[in-house]
Each structure stands twice: as C-alpha cells, then as structure tokens.
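Work through the exercises below with the structure open. Each task is followed by a stepwise solution.

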Amino acid sequence: MADLLNPAAELADDGHGHGHHEEHHGPTGILKWMTTTDHKIIGLSYTVTSVAMLVIGGLFAEIIRAQLATPDGHLVSLAQYNELFTMHGSVMIYLFAGPFAFGGLANIIVPIQIGAPDMAFPRLNALSYWLYLTGAITMLLGFFTSGGAANFGWVAYAPLSNSLNTPGAGADLWIGGLLLTGFSAIFTGVNLTATIFYLRAPGMTMFRMPIFTWNMLVTAILILLAFPVLTAGLIMLYCDRHFGTHIFSTAGGGVPVLWQHIFWFWGHPEVYILALPFFGMATEIIAVFSKKPVFGYKSMVFATLSIGALSLGVWAHHMFTTGVVLLPFFSIMSLLIAVPTGIKIFNWIGTMWRGELWFSTAMLMSLGFLFTFLIGGLTGVYLASPPLDFFTHDTYFVVAHFHSIVMALVLAGMGGLYFWGPKITGYMLNERLGKAQFWLLFIGTQVFTFPQYILGLDGMPRRVPLYIHNPEWKMLNEWSTIGAVMVGISTIIFVVNVGYSWKRYPAGDNPWDAQTLEWFTTSPPPHHNFYRLPQIRSERPTWDYNHPEHKSLAHGAGAGAEHQPTPLAAAVTVLEHGQDEGPNEGANE
Amino acid sequence: MKVEAKILLSLGTFFGVMCAVYWNWSLENAGGVMMFAGMLLCFLPGSYYYWWSRRMKVRPEDDPNSTQSEGAGVVGSFPSTSIFPFMLGMGAFFVVLALVFGIWFLVPGLFLAVWAFLGATAEGRRGGHV
C-alpha cells in the first residue's frame, strides 16, 4: 500500500534528512503535552482539539436537522433549539474553523515551509493553545448550567443579548469563552507574523514563500486587525449585562446597532481569516498533484493581499436591512472582492491545466472545495446586492450560502489533513477510506445545501424550529437532512480512517513528490525541524533539489543560481535552554 | 525587510483611503474610527520596518542569492519546555470563570497567573528550563 502511494520513494529516500543524531530528550507523556513549546506538538494538539470541536458542532447540526426533518418536530424543545443553533454556529466558527487552520495546520506547517526551527515565540504559542482549550471548555460549560448554554445566536445581537432578554450563566460563559479564544487567536497572529518576517531560511525571500505561508501571513495580519475589536465589543457587552452601562441599549442613550458594527467589523474579516488558510491549502495541494508550479504565483499573492485589504471595508453588508448603513459603499466593496477571488479560481484551474493530474484523496478534496466554494462564492455575490439581500436576508438562502462556503473549507481542510498528515505523523491515511469519505462529504454537502437555497428563495426563515405544513418545504427539508446525515457519516469515516491507518502505512519523507520545504525534512520532522536545508532558489526548493533537470525558474534576481555549488549542510545553530552550552543573552522571547 | 515594510505600509494606505471615503460619505463614526485604527495598526510596525530596512544590511533571507551557510550562527534562543504557559492559561481560565461564577475564582486565577508571570520572566532571564 505504501509503495503504491509512494512513487517518489526512491527520491524521498536519497539520504537527506536521515540520521537521527540529535534526539531530543525531555519529559514524556502528559507532562510533555503540558510543558511543550514545540510548535509541532502544539499544532497537533490544536488539530485534535479542533477536530473534536468539529464533531461536537456536527452533532448539534445533526440534532437540528433531525428536528427540521418534519414541520412540527418534537425532538428538542424550542428553548433547546435556540441553544443548539447558537452553539452549533459558535463551536464551528470560533472553535473549529479558525483554530483548525491558524492554530493547527498553519502552526505545524508554516515554520517548516520557511525553514524555521520553531515559531518565533514558542511559549506564547503554548499559551495560545491553553487559552483556546480553556475557552472552548468555558463556552461548552454553558450546557451544564441550569439556564442552559447561550441562546442568542452566534452573533449575539444587542437588545437580545442584554441581561433582561438573556439572563443566566450560559451567555456569560459564551462571552468568557470568546474572550479566551480571542486572545489565543491574537497571540497566534502575532506569532505567525513574527515567524514569517524574522525566521525565514537564507534565500527564502518573501516572494519565494509558498502560497500557504503567504495566505497565513495575510490571515495573521487580519487577525491582528479584527480580533481586538471583538474582544473590546465583548467587554462592552459584559459591562452592559453586569455593570449597568448602556452602550448597546437605547434606554441609556446607547446604540444597539453599534454592536452589529463592532461584531461585523470583526465578523467579516473573520470570514477571510477562516477562508484564506484553506485557499492556501488547496493551492499547495493542487500544485503538487498537478506536478506543476502554482500558476500565476505573484497574482495569487496580490489576490490574497487585496482580499485582505478589501475585507476591512465590507462589514456592513451583513447589516443592509438595518436601514442605517451606506448601501452603495458596502455593495461596491463586497462586489470588488469577487475580483481577487476570481483570480484565485482562475489560477487554480491554470495550475491544473495540462498538468499531470493525480487524483489522490487530497486532490479530490481540493477539487470538491473548488466546486463548492464557487457555488458559495457566486451566491455571495447575489447577497452583496442590496435589493437581493433585502429579499433573502435571514432566510435559508443565506444559510445555504455560508454553508456552501464553510463546507468548501471543510473539504479543503480534510484535503490538508490527508496531504500533510503524513508529514505530521509519519504515516499515511488509507486512500480507499479517504475516497469514500470524499464522495460522501462532497455529495452530502450539495444535497444538504441545494434544498436550502430553494427554501430560502421560497421565504423559509432561518433559526426556526417549526415551519408550516407545506409538502414542498417538507420534502426539501427531508433532502437537506439526508445530506446532513451523509456529511455526518463521512466524518465518522474520517475518524475510523485515522484509527485504521494508525501506524500502518509509513510515509517516507516526501510521499507526494511535493515541492515546498516541509517535504525536505523527515516525517515527522525532528526537534527544531531540519538537519540540513537545500539551496533555496525558487518557491519550490524541494522540487529543485529532487529534480535538478526540471528546475523552477528563479524568482527575481539570482537567475545564475543554477551554477552554484550543491547545498552545504546548514550550520544553523539553535540555542536551547538547559540543553546546549552557549550565550543566553539576546534571547528573542 | 523592505517587502515586509511595503506590505504593511500599502495595506495601511489602502485602509486610510477607504476610511477617508467612508467617513466623509457615510458620516458614521464607529466604522470610521475602526478603519482609522486599522490604518494605524499597519503604519506603526510598517514604518518601523521601513525605517530599519534602510539602515540594516540585507538579511540572508532577503538576499535571493544567499547560501545556507550565510544563515549560520545563533538563530535565537528557544526554550525546550516550560510549564508557565499552561499555568498562565489555567490562571486566565479561572479569572474568566470569576466573571461568571463568583469573585472567589479570582484567588486561584490570579495566584496562578502571577506565579506564571514571575516564573516565565525568571525563566527567560536565567535561560534555564524547568
């Protein structure tokens, strides 16, 4: 099996990166987990925790869909339904999608992709994880309080979220959990930015960084711009609830819509904070499995940067129906975002064009991402137009739109796990189970979103536990529930696959004949990541090393680079407290 | 360093232009203030990087022709293990629980947080690990 999956085995085993001459000695077991500052272990903890959150949030979704399978379902009470859709959204957005990408995969992959020994601030990185874990626990603790979990929707709109309309500990736990995870995101943003700016390997210029790293840089900058606003808003909300301020209530001269401004000023960049890492994953995967460099590398970078730039000016398209926002400005800005996104889709197709396609699970997931994201993106363009938004606001059309987007991200994220899983653990995942998971996930996604588009255009409002007895609506809701069940089964297949493939198919250093620096080191990478580094002359150093006959064209200056001597063993020294002797002055943390 | 500076400065410039257009057109203050702050957040590190990039030698990672041996030397000082992030995380957890369940949670929360602050600082100075 491993050989079938591993056509590049001879290339990968050509000797570089082997010889475990520098084993790391430290605490083991639970103490290792608690005290580690290694970005790979922290990233793995993040990944496992966020996948657990995906399962919890998915369970909420299955209960919601079971309730909606019939017009007057009795599975949950109306109050429980409010808690379920609130916590489904909260868990998926705050605790799964973001942390999975920027805390999980990016944490592991970005330092290795740029040839860094660790994140710039390893202890801050560990603190991020602990804040994320405790934030998740805090938010979910709401289910164990007498009043139940938060039930004002994941957006916590102002008059509804005050202490009169939503009393109880659940809402406060929601606020507290978000404060913790918000700080964890900010610290991760600081860490990623500093790592990318300061810890690149020699020759790894900015315009040679892999697209995934570029996307994570823009994501990190967006985190720094957006999350402090949410944290400030949450503190204001808490003051309104407990200290008698009237920031969001008209009674004391406050402005309820201010909450929406603050929330969406975080919330829309957050959409790109969620999406950009997954765009990066899909870009890497499509390039590797087409055996081509990324088509239009620079346009890809500028598209990412312009998505980041525009994302700060589109927040109020969530607030068109409030009647107090500047419609043309936000409509124009939102429509403009379609341009860089279109460039990205064009480049993904360009990367595959006349490539040597290899339909592994990761590639199928990325293609599924492309298709599903296109549907979600195009319906987003409709919603950016105020007349259409007035018609569809708060209906299932909006629900279907953003579920197309986030399910596309789940597809890309699963692709990322199949693609980078071998690098992280040293073992491949089973491809047959992976393909079964892909088809169920992909078809299930379409089956559950398409009926919702039609329901939304028919006028079915979101967040309702009951709906009128209409045979067509019942039929569409049944289909939607069937799709949700398919998605649920696909997640079970993934968990089964992880269990089944556990230490079964050794991966080798570079099982996919991939291009970027993380595939140059061992799987899993050693402590501080590299024994040696190749010469970096393009955005695909590992490919250049493994295929000297098909070198990439060097970016920028240095076109004569081909004639330089073979890579010298990197003499990069990493000082480690208490391990190596050496000067400890100038510690960078 | 120049590319890093240019990215942040051009993002900041874009936010500034967007802020000016939006604020003058809508006369709505919340968004204007937030975009202005976004501009400052990009200009602050961006101008610092720009200032430095004109005064420093080209780093090996910015030189397209550098070899790996040019990066030889001390990259930085990385702690191998540390218990203090966990302690600080738990401290923050209890402080947040104090917001919800009662002020007495502040006692273990602040105790852990202060211990972790002091411990992490001492660890950084001493250069030793736990």
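**Exercise 1. Find the partner of Glu123(B) in a salt bridge, and give the N to O distance.**

Step 1. Apply the cut-off: a salt bridge puts a side-chain nitrogen of Lys or Arg within 4 Å of a carboxyl oxygen of Asp or Glu.
Step 2. In this predicted model, the side chain of Glu123(B) meets that of Arg123(A), at 2.3 Å from N to O.
Step 3. Between chain A and chain B the count is three salt bridges.

The model is predicted, so local features need pLDDT of at least 70, side-chain atom pairs count only at pLDDT 80 or more, and totals for chains, interfaces and linings use all residues. Residues are numbered from 1 along each chain as its sequence is written, chains are lettered from A and ligands numbered from 1 in the order written, and side-chain values use heavy atoms, without hydrogens and water.

**Exercise 2. Describe the interface of chain A and chain B.**

Step 1. Count residues in contact (heavy atoms within 4.5 Å). Chain A brings 85 residues, chain B 65.
Step 2. Take the buried area, the accessible area (1.4 Å probe) that two parts lose on being put together, summed over both. The two chains bury about 6400 Å² between them, with 72% of it on carbon and sulfur atoms.
Step 3. Count polar contacts: N or O atoms within 3.5 Å, where within protein one must be able to donate a hydrogen and the other to accept it, and residues adjacent in sequence count only if both atoms are side-chain atoms. The rule finds 15 residue pairs across the interface, both residues at pLDDT 80 or more.
Step 4. Ask which element of chain A gives the most to the side that touches chain B. H5(A) does, with 10 residues. Helices (H or I, at least four residues) are DSSP runs, numbered from the N terminus.

**Exercise 3. Locate the nonpolar patch on the surface and say where Leu336(A) fits.**

Step 1. Set the rule: patch residues have over 30% relative accessible area and no salt bridge; nonpolar side chains (Val, Leu, Ile, Met, Phe, Trp, Tyr) are joined within 5 Å, like charges within 9 Å.
Step 2. List members: Ile332(A), Leu336(A), Val339(A), Ile343(A), Val17(B), Val21(B) and Trp25(B). Together they have about 600 Å² of accessible area, by the Shrake-Rupley method with a 1.4 Å probe, where only the protein chains shown count as cover for residues.
Step 3. Assign elements. H11(A) gives the most, four residues. Leu336(A) lies in that helix.
Step 4. Classify. Leu336(A) counts as partly exposed because its relative accessibility is 39%, between buried (under 20%) and exposed (over 50%).

Methods: Helices (H or I, at least four residues) and strands (E, at least two) are DSSP runs, numbered from the N terminus. Buried means under 20% relative accessible area, exposed over 50%, partly exposed in between (1.4 Å probe, protein chains only).
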